[in-house]
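Please work through the exercises below with the sequence and the coordinates at hand, and try each task before reading its solution.

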Amino acid sequence: MDKKAKQILFQTYWSAKGWREKPVTAPDDFLYAKENGMMFDPLTISHDDCVSQIVELADSISKEQAAKAFLNSLSARRLDWRSGIASYSIAKLMTPHTYMPVESGRSYQDGKVTAVSYTCKVCRDLKRGVIGRKNYANSDLNVLNFERFKWGGVRHGDLLYTLFDLKQLKKEHIPAPTSADTAILKGILHAVDSCKTGDFPGVLRDKLKDVPGLKSNQDERLVLIEILACARVLTPKFYHRPTSGKHDWKFAEYWRGEDGYCTEVIENYFEKYLSNQ
């Protein structure tokens, strides 16, 4: 990873005050970051082509690559590596299909409908939180990459993000996880086990700050939980539960402390590494 290219990416979208109101990259800087694989040209792609490429990528990426990337992210704080297991999990559920529109929301003003949004029914029914638009026109891949490096991604489930995330995962050379990585994973699972009946995901987010070796801030811990929920490590047993007021949870929204973690998913991805400890 080229540090200068990463700095160009970050400075395009982020300042000491947070998000930049108008992201701008100098042409020479953009070219440098692009040549070093950190920034990209806008992408226009249809839903059907996006799905086709996602399915193809899922078949070309090994489960071990996704697992290694996630584990390595824990001690190295490579949040971009952390993201891939969520996208891989979604991709492995997907089969080729054509766009089937279904209403996903409405906007109102003075009691009148001003706009109606749509998503693909097949994508929507695949997994809670998956979104598929009919077309993606001149889409900014750079903000997706910034979010991957900054937090571990915040648009898991969106088809375009899934495609982009998998493309980046495939080309990475991930080293073998260390004992420190597996110790952190065990610490995360212990934190999940320590949650009590009725605990919301926010309780787990706070517990994760005490996991030895897991350097993180609150936003990173929130995304970590979302990634684990997207990858079905944290699976809500019920979806008809009351939720707290305003929140940023999507995949983990209905998870509660009594749900724990899925042993089968953990073994599927990480048994090779946990059994060596």
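The exercises that follow concern a predicted model, and they deal with its salt bridges, a buried lysine, and its empty spaces.

**Exercise 1.** Determine which parts of the chain are tied together by the salt bridge of Arg77, and classify both partners by accessibility.

*Solution.* Begin with the pair itself: Arg77 forms a salt bridge with Glu220, and the closest N and O atoms are 3.1 Å apart. Next, place the two residues: Arg77 belongs to the loop between helix H4 (63–76) and H5, whereas Glu220 belongs to helix H11, so the bridge ties together parts that lie 143 residues apart in sequence. Finally, compare the accessibilities with the cut-offs, under 20% for buried and over 50% for exposed. Arg77 has a relative accessible area of 37% and is therefore partly exposed, while Glu220, at 6%, counts as buried.

**Exercise 2.** Carry out the same analysis for the salt bridge between Asp59 and Lys92.

*Solution.* The closest N and O atoms of Asp59 and Lys92 are 4.0 Å apart, and a salt bridge requires such a pair to be within 4 Å. Asp59 sits in helix H3 (residues 47–60) and Lys92 in helix H5, so this pair ties together parts that are 33 residues apart in sequence. Asp59 is exposed, with 60% relative accessibility, whereas Lys92, at 44%, is partly exposed.

**Exercise 3.** Examine the surroundings of Lys127 and establish what its side chain lacks.

*Solution.* First locate Lys127, which is found in the loop between helix H6 (121–126) and strand S6 (135–139). Then look for a partner of opposite charge: Lys127 is buried yet has no salt bridge, and the nearest such side chain, that of Glu226, is 10 Å away. Lastly, list the contacts; leaving aside residues up to four places away in sequence, Lys127 touches Ile90, Leu93, Ala229, Cys230, Arg232 and Phe251.

**Exercise 4.** Describe the largest pocket and the largest cavity by volume and lining.

*Solution.* Start with the largest pocket, whose volume is about 220 Å³. Its lining includes Arg155, Glu226 and Phe251, and helix H11 (residues 218–230) supplies the largest share, four residues. By class, this lining divides into five nonpolar, two polar and five charged residues. Turn then to the largest cavity, which holds about 30 Å³ of space and has Asp80, Trp81 and Arg148 among its lining residues. Two or more lining residues come from each of helix H5 (79–93) and helix H8 (159–171), and the classes here are two nonpolar, two polar and four charged.

Notes: Residues are numbered from 1 along each chain as its sequence is written. This is a predicted model: local features need pLDDT of at least 70, side-chain atom pairs count only at pLDDT 80 or more; totals for chains, interfaces and linings use all residues. Side-chain values use heavy atoms; hydrogens and water are left out. On a 1 Å grid over the protein atoms alone, a cavity is a set of points where a 1.4 Å probe fits but cannot get out, and a pocket is an open set with protein on both sides within 12 Å along at least five of seven lines; lining residues have an atom within 4 Å of a point. Grid points are joined across faces, edges and corners, and a volume is the space filled by probe spheres set on the points. Ala, Val, Leu, Ile, Met, Phe, Trp, Tyr, Cys and Pro count as nonpolar, Asp, Glu, Lys and Arg as charged, and the others, Gly among them, as polar. Buried means under 20% relative accessible area, exposed over 50%, partly exposed in between (1.4 Å probe, protein chains only). Lys and Arg count as positive and Asp and Glu as negative; His and the chain ends are not counted. Contact means heavy atoms within 4.5 Å.
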